[in-house]
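Visitor: I would like to take a close look at a single part of this structure and then see how the rest is arranged around that part. Please go slowly, as I am new to reading models of this kind.

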Amino acid sequence: MTRPSGAHLSPDEIDSWLAGTLAQEWQQHLDQCQICLERAHGEREIVEQIGALPLMSPAADFADRVMASVVVPDPFAIRSLQATQRRLLATPRSLAVAASLTLLLLGSMAGSIAWSLTHQETIASIGSWFLAQGGQVAWLSLRGLASNLIEQPWYHGIRTLVDNPVRLALGSALASLAYLGGVFALRRLLALPTQQVAHAGI
Amino acid sequence: MASRRPDWGGLSDHEVVLLARAGQESAYRELIRRYERPVFALLFRMVRDRELAEDLAQETFVKALNAIDSYRPEFKFSSWIFKIGNNTAIDHLRRRELDTLSLDGSPHAETPEAMQATALQIGARQESPLDTVEAKELGGAIEAAIGSLRPEYRSCILLRHVEGRPYEEIAEILNLPLGTVKTYIHRARNELRQSLAHLKE
């Protein structure tokens, strides 16, 4: 770039001078201009001082602390994924198979969506048929269960017990006692040992 | 099967990043080893507090390494990590500036008495005696002068003259036009010269 007459060095030219790439005509000006020379030397002094700043390093365990918070991807999972991708894209034939499967999948999904949208009444009638059938099956099952229960040999004994209030109270008390006894025994069984177990030293 | 240890010295940053993406933990450690010193040095000179700089450097590396898949290889890895580091430091400095109470009192104070009661200056850029001692330990006047620069000037001058990064890369790191970077560096050098001249006097 030609130097306009009377012009001093711009910051860019001072940078060039610092980098040792100042054009000849600017160099000639610098040799004669005391203002530019002082500025250039001042800049060089600053740059040298900054460049001489001490090197700094973080603590020795810095990398460990960083790695403790970094999630490294599982190489096995990545390799499996890459292997599958490679296998699928290995030959034109495997690529064609993969593309066909994808197309088939996407096509069937699109087809089912389209069919559902155009046959909403059919879907609703199928739904109500299933609901009616389900209700009927549930009612028949309940009736069958009840009649089966009545025909059991122990049913009459239970009815006799429930009909007599004294026997009912006695039966309930016995059942409650058996239940409480069971809970207590279970708690004793599951309680942690209060004394050290010889073979379980940590 | 014995795992093959790559010759890290012969690998570019991009190749190490590819190994990290493949799940090699040693590649992550290699990236930390390559950039922990320059990133820490930049952050330390930005915030002037060793412990805080370590925390910010740690945050920088954790952010970068956890997002290693989003790194785009057309950019230099150094630019990417310096950009994350610089943004982390600038965010911190902005938060600290917001936390600083105004000279005229809290902005939430509703009466003149409340304003007076909260009128206290803990300037973010003002040097505490501890900072001053630390600056002396670090190499004195020039460190203190750099510490008094605006954060944007500080980033530019440190990246240029401490890390030796070209102007174009600094523009990329700081997301600034090239001309702005040159202006900032020139102004920063001017301010440093004036600060040092005052100290000499």
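In which helix of chain A is D15(A) found?

Guide: D15(A) is found in helix α1 of chain A, and before going further you should know that the whole model is predicted. The residue counts as buried, because 20 C-beta neighbours lie inside 10 Å of D15(A) and the cut-off for a buried residue is 20 or more. If you follow the chain from D15(A) to A40(A), you find that these two residues are 25 residues apart in sequence, while their C-alpha atoms are 8.8 Å apart in space.

The chain around D15(A) comes next. Chain A has 9 helices and 0 strands, so that, read along the sequence, its pattern is α-α-α-α-α-α-α-α-α. Of the 202 residues in chain A, buried residues make up 6%. When we take the contacts in chain A between residues at least 6 apart in sequence, 34% of them join residues at least 24 apart.

Helix α1 of chain A also has a part in the contact with the other chain. That contact takes 29 residues from chain A and 32 residues from chain B. On the side of chain A that touches chain B, at least two residues each are supplied by α1 (11-19), α3 (34-51), α4 (62-68) and α5 (75-89). The largest share of this side, 7 residues, comes from α3(A). Sorted by kind, the residues on the side of chain A that touches chain B are 20 nonpolar, 5 polar and 4 charged.

Across the contact is chain B, which has 10 helices and 0 strands and, read along its sequence, follows the pattern α-α-α-α-α-α-α-α-α-α. Chain B has 201 residues, of which 32% count as buried. Among the contacts in chain B with a separation of 6 or more, 55% are accounted for by residues 24 or more positions apart.

Some of the buried residues can be followed into a core. The largest nonpolar core has 47 residues, and those with the most contacts inside it are L31(B), V39(B), L43(B), C156(B), I157(B) and A188(B). The largest share of this core, 13 residues, comes from α2(B). Domain 1 (11-95) and domain 2 (127-201) of chain B both give residues to the core, and therefore the core lies between them. As for I157(B), if we leave aside its neighbours within four places in sequence, this residue is in contact with I50(A), I146(B), L149(B), I185(B) and A188(B), and I50(A) in that list belongs to chain A. There is also a second, separate core of 5 residues, which includes I14(A), W17(A), W26(A) and C36(A).

Since α2(B) gives the largest share of the largest core, let us see how another helix packs against it. The axes of α1(B), which covers residues 13-21, and α2(B) come within 7 Å and cross at roughly 140 degrees, and the crossing is left-handed. On the α1(B) side the contact is made by V16(B), L19(B) and A20(B), and on the α2(B) side by A27(B), Y28(B), E30(B) and L31(B). These residues divide into 6 nonpolar, no polar and 1 charged.

From helix α3 of chain B we can pick out T60(B), which counts as buried because it has 26 C-beta neighbours inside 10 Å. T60(B) and F82(B) are 22 residues apart in sequence, yet 8.7 Å apart in space from C-alpha to C-alpha. Not counting residues up to four places away in sequence, T60(B) touches V39(B), I81(B), I84(B), G85(B) and T88(B).

Finally, two loop residues of chain B can be set side by side. R48(B) lies in the loop between α2 (25-47) and α3 (50-66), and its phi is near 55 degrees, which is a positive value in a residue other than glycine. N175(B), in turn, has its place in the loop between α9 (167-174) and α10 (178-200), and its phi, near 60 degrees, is likewise a positive value in a residue other than glycine. As to their surroundings, R48(B) counts as buried because it has 21 C-beta neighbours inside 10 Å, whereas N175(B) counts as exposed because it has 9.

Terms used
Residues are numbered from 1 along each chain as its sequence is written. Chains are lettered from A and ligands numbered from 1 in the order in which they are written. This is a predicted model: local features need pLDDT of at least 70, side-chain atom pairs count only at pLDDT 80 or more; totals for chains, interfaces and linings use all residues. Helices (H or I, at least four residues) and strands (E, at least two) are DSSP runs, numbered from the N terminus. A residue is buried if 20 or more other C-beta atoms lie within 10 Å of its own, exposed if 12 or fewer, and partly exposed in between; C-beta atoms are placed from the backbone. Two residues are in contact if their C-beta atoms, placed from the backbone, lie within 7 Å. A nonpolar core is a set of buried Ala, Val, Leu, Ile, Met, Phe, Trp, Tyr and Cys residues joined through C-beta atoms within 7 Å. Domain bounds come from an automatic or database domain assignment. Ala, Val, Leu, Ile, Met, Phe, Trp, Tyr, Cys and Pro count as nonpolar, Asp, Glu, Lys and Arg as charged, and the others, Gly among them, as polar. Axes are lines fitted to C-alpha atoms, for helices over the stretch in contact, and angles run from 0 to 180 degrees between N-to-C directions. A crossing is left-handed if the near helix is turned anticlockwise from the far one by less than a right angle, and right-handed if clockwise.
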